[in-house]
Amino acid sequence: GLLADIEALIAADPELSKQEYLENVWDAFSVNDKLYLVVPNFSVQTYAAKKSLVGDRNGWTMSEFQQFMKTMDPEMKPFGDMVRDSFMYYVMNYCGADFVDVNTGTCNFMSEEFISMLEYAKTLPTEYADDYWDDYDYMQYESQYRENRTLLMNLYISRIQDINYSINGYLGEEAAFVGFPGIEGNSSIIQPGSYLYAISENSANKQGAWDFVKYYLSPEYQNSDENWSLPVMKSAFEAQALKATEKPFWIDENGEKVEY
């Protein structure tokens, strides 16, 4: 009862329609089927791999992942140079909701999947070698996926155009967004973009607050350069996707567009 129902405000607003937006994104931010936040944009965090290696899969459990790695070259690293605490950070970042129930305040770390994650973590070094960063070869880092020395690339997607650099530059071929090995086998994350807004249900200026924050759901903002994340308006999202198919360019000294 503290926060206003944003879906009710959208339904009552003649300028907006819920059907114009990516409702699955808003569903991810809902609590008990109620949306209390204005979510104008979002980002996605996942793991990508070469489709030629992992096929069409879009998720896997830790057990499936470990079985898959047995079919790969033993020299190939699953995550590159990763230490134990980094791996456990990703476990809780991607899969924390599988082990911790924030509604009941309970947790369960005795499942077979969690234990298998701990067993895998035990195979990783506890820290980087003292001379790890000395003469660090960044070209070697950038080529690890293209040369099949590392399978999984952590991918943070805030603009569709940026995926071109990751897929074409780092993988060098078509990608499969397999996610982190999780419990349900679909461990990728939707995260908030630039802003999240809530409105007090008991505010004396509730309508004024709504008139302000709904700007971030307007076509003006959704299609603007102010929006640095993935837009939640379908038409703006599709426009960004179409723009991502264009070749990159720069403007020369004569003001001419030069593609490369």
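**Entry 1. Helices α5 and α6**

I began with the contact between two helices: Arg84, Phe87, Met88, Val91, Met92, Cys95 and Phe99 of α5 meet Phe114, Met117, Leu118, Tyr120 and Ala121 of α6. I note at the outset that the model is predicted. I then looked up the geometry of this pair. Helix α5 covers residues 84-99 and helix α6 residues 112-121; their axes lie 10 Å apart, at an angle of about 170 degrees. Angles over 145 degrees count as roughly antiparallel, and α5 and α6 are therefore roughly antiparallel to each other.

**Entry 2. Phenylalanine 99**

I next followed one residue of that contact. Phenylalanine 99 belongs to helix α5. Is phenylalanine 99 buried or exposed? Its relative accessibility is 3%, so I recorded phenylalanine 99 as buried. Leaving aside residues up to four places away in sequence, I found that phenylalanine 99 touches Val91, Met92, Thr106, Cys107, Asn108, Phe109, Ser111, Phe114, Met117 and Ile183. I also checked the separation from isoleucine 183: the two residues are 84 apart in sequence, and their C-alpha atoms are 9.2 Å apart in space.

**Entry 3. Helices α4 and α6**

I then examined helix α4, residues 62-69, against α6. The two axes come within 9 Å of each other and cross at roughly 40 degrees. At that angle I entered α4 as oblique to α6. On the α4 side the contact is made by Met62, Ser63 and Gln66, and on the α6 side by Glu113, Ser116, Met117 and Tyr120. Met117 and Tyr120 also appear among the α6 residues that meet α5.

**Entry 4. The nonpolar cores**

I turned to the nonpolar cores. Which residues have the most contacts inside the largest core? I found Trp26, Trp210 and Leu217, in a core of 33 residues. At least two residues of this core come from each of α1 (6-11), α2 (23-28), β1 (41-50), β4 (153-157), α8 (160-171) and α9 (206-213). The largest share, four residues, is supplied by α8.

I looked up the surroundings of tryptophan 26 in particular. Beyond residues up to four places away in sequence, tryptophan 26 touches Ile10, Lys18, Tyr21, Leu35, Val39, Leu217 and Val232. I also recorded a second, separate core of 29 residues, with Tyr47, Phe68, Met69 and Tyr94 among its members.

**Entry 5. Aromatic rings**

How many aromatic pairs does a search of the whole structure find? I counted 36 aromatic pairs. One of them joins tyrosine 128 and tryptophan 133 edge-to-face, with 5.9 Å from centre to centre and 65 degrees between the planes. Tyrosine 128 is partly exposed, at 30% relative accessibility, whereas tryptophan 133 is exposed, at 55%.

I noted one aromatic cluster formed by Tyr47, Trp60, Phe65, Phe68, Phe79, Phe87, Tyr89, Tyr90, Tyr94, Tyr120 and Phe180. Of these, Tyr47, Phe68 and Tyr94 also belong to the second core, and Phe87 and Tyr120 take part in the α5 and α6 contact.

I also looked up a charge over a ring: lysine 257 lies over the face of phenylalanine 249, at 4.6 Å from the ring centre.

**Entry 6. Glutamate 246**

Where does glutamate 246 lie? I located glutamate 246 in the loop between α11 (234-243) and β8 (249-251). With a relative accessible area of 44%, glutamate 246 is partly exposed. I compared its position with that of lysine 18: 228 residues separate them in sequence, and 30 Å in space, C-alpha to C-alpha. Lysine 18 is already in my notes as one of the residues that tryptophan 26 touches.

Definitions and conventions. Residues are numbered from 1 along each chain as its sequence is written. This is a predicted model: local features need pLDDT of at least 70, side-chain atom pairs count only at pLDDT 80 or more; totals for chains, interfaces and linings use all residues. Side-chain values use heavy atoms; hydrogens and water are left out. A nonpolar core is a set of buried Ala, Val, Leu, Ile, Met, Phe, Trp, Tyr and Cys residues joined through side-chain atoms within 4.5 Å. Buried means under 20% relative accessible area, exposed over 50%, partly exposed in between (1.4 Å probe, protein chains only). Contact means heavy atoms within 4.5 Å. Rings of Phe, Tyr and Trp (its six-membered ring) pair if their centres lie within 6.5 Å; planes under 30 degrees apart count as stacked, over 60 as edge-to-face and the rest as tilted. A charge sits over a ring if NZ of Lys or CZ of Arg is within 6 Å of the ring centre and within 35 degrees of the ring normal. Axes are lines fitted to C-alpha atoms, for helices over the stretch in contact, and angles run from 0 to 180 degrees between N-to-C directions. Angles under 35 degrees count as roughly parallel, over 145 as roughly antiparallel, 65 to 115 as roughly perpendicular and the rest as oblique.
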